[in-house]
Each structure stands twice: as C-alpha cells, then as structure tokens.
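Please open the structure in your viewer and follow the selections below in order. Each stop names what to select and then describes what is found there.

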Amino acid sequence: MKINQNDVTFFTYADEKYYPFVMPYVYSILKNTTSNYRIIIDNLENYYNQYGKKWANIQHNCIHKWSGQQNYYTENTIKNIIPNSIRFMYIPPKATKYTYITDVDMIITSDMFEKALENNIEGMKRNQAPFFNIVRDSGPKLSGVHFVETKKWYPKVVQYLKKFEDISDVNQFGDEGLLYKMVKECFGDPEKLTEGNERILPGYHLSPNRGKKYTDIKNRLCKDEDWEYAFTQFSPDFLKMF
C-alpha cells in the first residue's frame with residue numbers, strides 16, 4: 001500500500017553533541033521528501049547562538065525546546081535521561097498519521113525513503129502491528145529507527161511511561177532496550193510483532209562512529225572532494241554544502 005508522504009512526520013532529538021547534524025537532516029527532508037519534521041533540542045537558545053536564528057526561517061517552527069510538559073516527567077528528572085532515549089519518550093507536536101522516529105545524524109534520500117515506507121507498511125500489515133522495526137541480534141532491543149502509526153502507538157506508550165517513578169528505571173534499559181520494553185509491555189511479543197521484517201533505512205547515517213563502510217556513499221551524495229573529510233569531522237565545510 002502506497003501512502004502519502006505528507007502523512008509522515010520525521011521525529012528526532014539532538015543535544016549539543018549532535019547540533020551539527022540538525023541542518024543537514026532538515027535539508028534532506030525538505031529537499032527529498034514532502035514529509036514533515038519535528039526536532040526536539042536540549043537547549044534551543046544555545047543552539048541558535050551557535051547556528052544563528054536566520055536558520056529559523058527554514059525551520060517553520062518545527063524545532064522545539066525539550067521541556068517537562070509531558071505530565072509524566074518533571075523538569076529535573078528529564079535532565080538525567082539518557083539522550084538517545086528521549087526521542088522515544090516525547091510526543092511529536094502536531095503529529096501526523098505516521099511518525100518516523102530516527103537518529104538525527106542521517107541524510108534522508110528520496111529513493112530510500114520510498115522503499116522504506118513501502119517496506120514498513122507491508123510489515124505492519126503482515127504482523128498486524130502499530131509499528132515497524134526489527135529485533136536486534138544482540139537483543140533484547142529494537143533498532144533506533146522506529147516507524148509508528150501515531151494514534152495507535154502513543155496513547156499506550158504514554159500510559160506505560162507514567163508508571164516509572166525513578167528515572168534510573170528508564171536508563172537501565174538503554175534507548176533500544178527501552179523501546180523493546182515499551183513494545184513488550186504495551187503491544188505484545190516483540191519477536192512476533194516484527195516477524196519477517198527486513199530493515200530498510202530511509203537514508204544514510206553520517207556519524208563517524210558508524211564505521212568506514214559508510215564513507216562508500218560519498219559519490220552517491222556529493223561530488224565535493226572535501227566530502228569524506230567533512231563526513232568524518234564535524235567540519236564547517238560540511239555545513240556549507242547545505
């Protein structure tokens with residue numbers, strides 16, 4: 001089943017370490033899709049001080065301050081959450097039918113996104129699941145790129161998160177382990193709900209800690225000779241390309 005890209009919102013979180021990836025991530029979504037995006041920033045004032053408020057013109061109020069206005073966490077407790085887990089613990093503002101929770105260090109491409117959407121919807125239908133993901137071989141955990149049917153996913157997850165009285169209970173699982181736990185407690189056996197799923201990403205990861213194999217995409221994305229350097233160093237030249 002083919003779905004309208006306008007019905008999809010990309011959703012992620014970035015702390016200061018990942019600020020350099022925000023602009024390339026947003027640019028790739030705007031250029032290569034017709035989907036929406038929402039990004040939660042740990043310190044919005046700090047972000048704008050580093051990258052300039054003029055960038056806000058293209059953000060269309062789609063970048064938000066991380067706050068405790070979620071009813072199940074206070075301003076103090078959220079400061080201690082593992083940063084990678086936050087994207088799974090926040091409801092996207094102005095949500096669409098589907099939410100694509102991803103890492104911020106990605107470049108979304110049109111062909112990969114189309115393939116991923118088709119793959120995700122097919123898997124959700126086959127397994128009668130409100131989400132698409134895979135169980136890691138190193139489990140029990142899911143992958144960090146998570147596609148959900150918004151109205152079916154978030155109400156149950158919110159109720160589950162309210163049960164945690166101590167933030168250490170959340171952090172003990174790690175981000176992907178927490179996601180596995182959410183699925184198990186809210187929807188059933190993660191193994192059955194992901195059975196037969198093949199992971200197809202909507203784009204490429206950029207972080208240098210992903211390994212050398214990712215540098216192979218250099219010529220597919222950009223002809224600039226400085227790409228590989230920028231790709232592995234948070235270089236100003238990299239940002240200038242956008």
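Which residue in E2 does Thr9 stand opposite? Select Thr9 and Asn36 together: in this predicted model, Asn36 of E2 is the residue that stands opposite Thr9.

Next, extend the selection to the whole of strand E1, residues 8-14, and strand E2, residues 36-41. The two strands pair in the parallel sense, over 6 bridges. To follow the chain between them, add helix H1, residues 19-32: the path runs from E1 through H1 to E2, and this β-α-β crossover is right-handed.

Now add strand E4, residues 98-101, which also pairs with E1 in the parallel sense, here over 4 bridges. Within this pairing, select Phe10 and its bridge partner in E4, Tyr100.

Return to E1 and display its side chains. In a regular strand, side chains alternate between the two faces of the sheet. On one side of E1 are Val8, Phe10, Thr12 and Ala14, and on the other are Thr9, Phe11 and Tyr13. Both faces are covered, and 7 of the 7 residues of the strand are buried.

For the final stop, select helix H6, residues 150-161, and helix H8, residues 174-186. Their axes come within 10 Å and cross at roughly 105°; because angles of 65 to 115 degrees count as roughly perpendicular, H6 is therefore roughly perpendicular to H8. Show the contact residues: Trp153, Lys156, Val157, Tyr160 and Leu161 of H6, with Leu179, Lys181, Met182, Val183, Glu185 and Cys186 of H8. By class, this contact comprises 8 nonpolar and 3 charged residues, with no polar ones.

Terms used. Residues are numbered from 1 along each chain as its sequence is written. This is a predicted model: local features need pLDDT of at least 70, side-chain atom pairs count only at pLDDT 80 or more; totals for chains, interfaces and linings use all residues. Side-chain values use heavy atoms; hydrogens and water are left out. Buried means under 20% relative accessible area, exposed over 50%, partly exposed in between (1.4 Å probe, protein chains only). Two strands pair if DSSP finds at least two bridges between them. A crossover is right-handed if, with the strands pointing away from the viewer, the path from the first strand over the helix to the second runs clockwise. Axes are lines fitted to C-alpha atoms, for helices over the stretch in contact, and angles run from 0 to 180 degrees between N-to-C directions. Angles under 35 degrees count as roughly parallel, over 145 as roughly antiparallel, 65 to 115 as roughly perpendicular and the rest as oblique. Contact means heavy atoms within 4.5 Å. Ala, Val, Leu, Ile, Met, Phe, Trp, Tyr, Cys and Pro count as nonpolar, Asp, Glu, Lys and Arg as charged, and the others, Gly among them, as polar.
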